Amino acid sequence: MENNPIFKIFESFPRQGPGDDEHTEKAFSLIAEPPKGGGEILDVGCGKGVQTMALARLCPSCRIIATDIHQPFLDAVDEKIAAGGYSGRIKTVRASMDDLPFKEESFDIIWAEGCSFIMGFENAVRYWKKFLKPGGYMMISDLFWFTENPSAEAWEFFAEIDPTIMIEEKGFEIIRNAGFELAGSFRLPPRVWVESYYGIVKGELGNLLEKFKDNEGALMIIEGLEKQIEIFEKYHEEYGYTYTVMRKPL
Ligand SMILES: C[S@@+](CC[C@H](N)C(=O)[O-])C[C@H]1O[C@@H](n2cnc3c(N)ncnc32)[C@H](O)[C@@H]1O
């Protein structure tokens with residue numbers, strides 16, 4: 001999997017998915033009782049760690065473990081840790097999100113921006129729950145449909161790349177059925193998709209096409225990204241990222 005050119009392509013971007021500090025902070029504000037005297041945060045699928053650093057600023061007393069499957073992303077996080085003087089309280093651990101090397105009930109907060117789709121939203125909600133302390137919070141942001149009747153072109157596009165995408169309300173139901181209280185949710189505004197992600201991807205497309213001109217697999221992924229942006233420009237009212245914050249009961 002590590003040889004999948006998708007990782008190499010995504011190394012070119014500052015973030016590996018849409019989002020920004022403002023919305024990490026907004027999601028964090030839905031945690032009614034953030035740890036004050038120290039707490040443990042697990043950042044799953046951290047990519048290059050933009051949200052990891054935001055979490056470190058939002059919770060100055062917390063220790064954070066940032067995990068990802070791709071070591072070069074973790075190396076980028078380690079550079080940020082060193083540059084920001086965070087080595088005492090943030091560490092990186094290479095781990096697959098569906099096989100986490102931690103004890104049950106270890107974390108006050110589990111954070112997962114834009115990555116639960118990799119193991120499936122429901123699997124993620126249910127599997128990660130056991131790593132949370134009772135009363136702990138989990139934040140997952142991922143892609144949901146905002147309408148029961150999406151346009152055929154958008155539906156067909158996602159049916160091919162990720163047929164598991166569900167309507168937002170179904171996501172809330174999964175959270176409740178897994179035994180969580182839903183503390184709150186909001187949608188990421190389309191402008192943030194453009195500013196934090198698609199605008200940057202678009203600007204890099206020329207370089208990427210040149211860099212990977214002899215790599216057929218990479219070229220298919222780059223074409224897919226171009227198509228993804230086109231679909232988003234047309235249909236962003238119909239789907240997007242929803243941030244969900246849930247609490248494991250005491
Ligand atoms: C869409 S990116 C989101 C990254 C980051 N949270 C952000 O919002 O910028 C998904 C991340 O999941 C990581 N990933 C992919 N498969 C994984 C796995 N099995 N276990 C852990 N992380 C994985 C990727 O390397 C990537 O960093």
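**Exercise 1. Overall shape**

Task: Find out how the radius of gyration of this protein compares with that of a compact globule with 250 residues.

Solution. Start with the expectation: a compact globule with 250 residues would have a radius of gyration near 18 Å. The protein has 18 Å, which agrees with that value. Keep in mind as you work that this is a predicted model. Next, look at the extent of the C-alpha trace, which spans about 50 × 45 × 30 Å along its principal axes. Then turn to burial: 36% of the 250 residues are buried. Finally, take the contacts between residues at least 6 apart in sequence; 77% of them join residues at least 24 apart.

**Exercise 2. The sheet**

Task: Work out the order of the strands in the open sheet, and say which strands are at its edges.

Solution. Begin with the inventory: the protein has 9 helices and 7 strands. An open sheet of 7 strands follows the order β3-β2-β1-β4-β5-β7-β6, and its pairing is mixed. The edge strands are β3 and β6 (181–187), as each of them pairs on one side only. On average, neighbouring strands of this sheet are turned by 20° against each other, direction ignored.

**Exercise 3. From β1 to β3**

Task: Trace the chain from β1 through β2, and describe the unit that β1, helix α3 and β2 make. Then do likewise for β2, helix α4 and β3.

Solution. Take the pair β1 and β2 to begin with. Strand β1 (residues 39–43) runs parallel to β2, and 5 bridges join them. Two partnerships can be picked out here: Leu42 has Ile65 in β2 as its bridge partner, and Asp43 stands opposite Ala66 in β2. With helix α3 (residues 50–58), strands β1 and β2 make a right-handed β-α-β unit.

Now move one strand further. Strand β2 (residues 62–68) pairs with strand β3 (residues 90–94) in the parallel sense, over 5 bridges. Ala66 appears again in this step, with Thr92 in β3 as its bridge partner. Helix α4 (residues 71–84) completes another right-handed β-α-β unit with β2 and β3. To place the helix, note that α4 lies across β2 and β3 and runs at about 170° to β3.

How many residues of β2 are buried? The count is 6 of its 7 residues, so-called "mostly covered".

**Exercise 4. The other side of the sheet**

Task: Establish how β7 pairs with β5 and with β6, and how enclosed β7 is.

Solution. Start from β5: 9 bridges join β5 to β7, and the two run antiparallel. Along this pairing, Trp145 stands opposite Tyr239 in β7. Continue to β6, which also runs antiparallel to β7, with 6 bridges between them. There, Glu181 stands opposite Arg247 in β7. Last comes burial: 8 of the 9 residues of strand β7 (residues 239–247) are buried, so this strand is largely enclosed by the rest of the structure.

**Exercise 5. The nonpolar core**

Task: Identify which residues of the largest nonpolar core touch the most other members, and which strand gives the most to this core.

Solution. The largest nonpolar core has 56 residues, and Ile41, Ile110, Trp111 and Met139 touch the most other members. Strand β5 (residues 132–145) gives the most to this core, with 8 residues. To see one of these residues in its setting, follow Ile41: leaving out residues up to four places away in sequence, Ile41 touches Leu55, Cys59, Cys62, Ile64, Phe107, Asp108, Ile109 and Trp111.

**Exercise 6. Two residues**

Task: Decide whether Leu143 is buried or exposed, and ask the same of Gly84: buried or exposed?

Solution. Leu143 is found in strand β5. Count its surroundings: Leu143 has 22 C-beta neighbours inside 10 Å, and a residue with 20 or more is buried, so Leu143 counts as buried. Beyond its neighbours within four places in sequence, Leu143 is in contact with Phe117, Ile165, Tyr239 and Tyr241. Its C-alpha atom is separated by 9.2 Å from that of Ser116, 27 residues apart along the chain.

Gly84 has its place in helix α4. Here the count is 12 other C-beta atoms within 10 Å, and 12 or fewer makes a residue exposed, so Gly84 is exposed. The C-alpha atoms of Gly84 and Met53 are separated by 8.6 Å, and these residues are 31 apart along the chain.

Key
Residues are numbered from 1 along each chain as its sequence is written. This is a predicted model: local features need pLDDT of at least 70, side-chain atom pairs count only at pLDDT 80 or more; totals for chains, interfaces and linings use all residues. Two strands pair if DSSP finds at least two bridges between them. Helices (H or I, at least four residues) and strands (E, at least two) are DSSP runs, numbered from the N terminus. A crossover is right-handed if, with the strands pointing away from the viewer, the path from the first strand over the helix to the second runs clockwise. Axes are lines fitted to C-alpha atoms, for helices over the stretch in contact, and angles run from 0 to 180 degrees between N-to-C directions. Two residues are in contact if their C-beta atoms, placed from the backbone, lie within 7 Å. The radius of gyration is taken over C-alpha atoms; the globule rule is 2.2 Å times the number of residues to the power 0.38. A nonpolar core is a set of buried Ala, Val, Leu, Ile, Met, Phe, Trp, Tyr and Cys residues joined through C-beta atoms within 7 Å.
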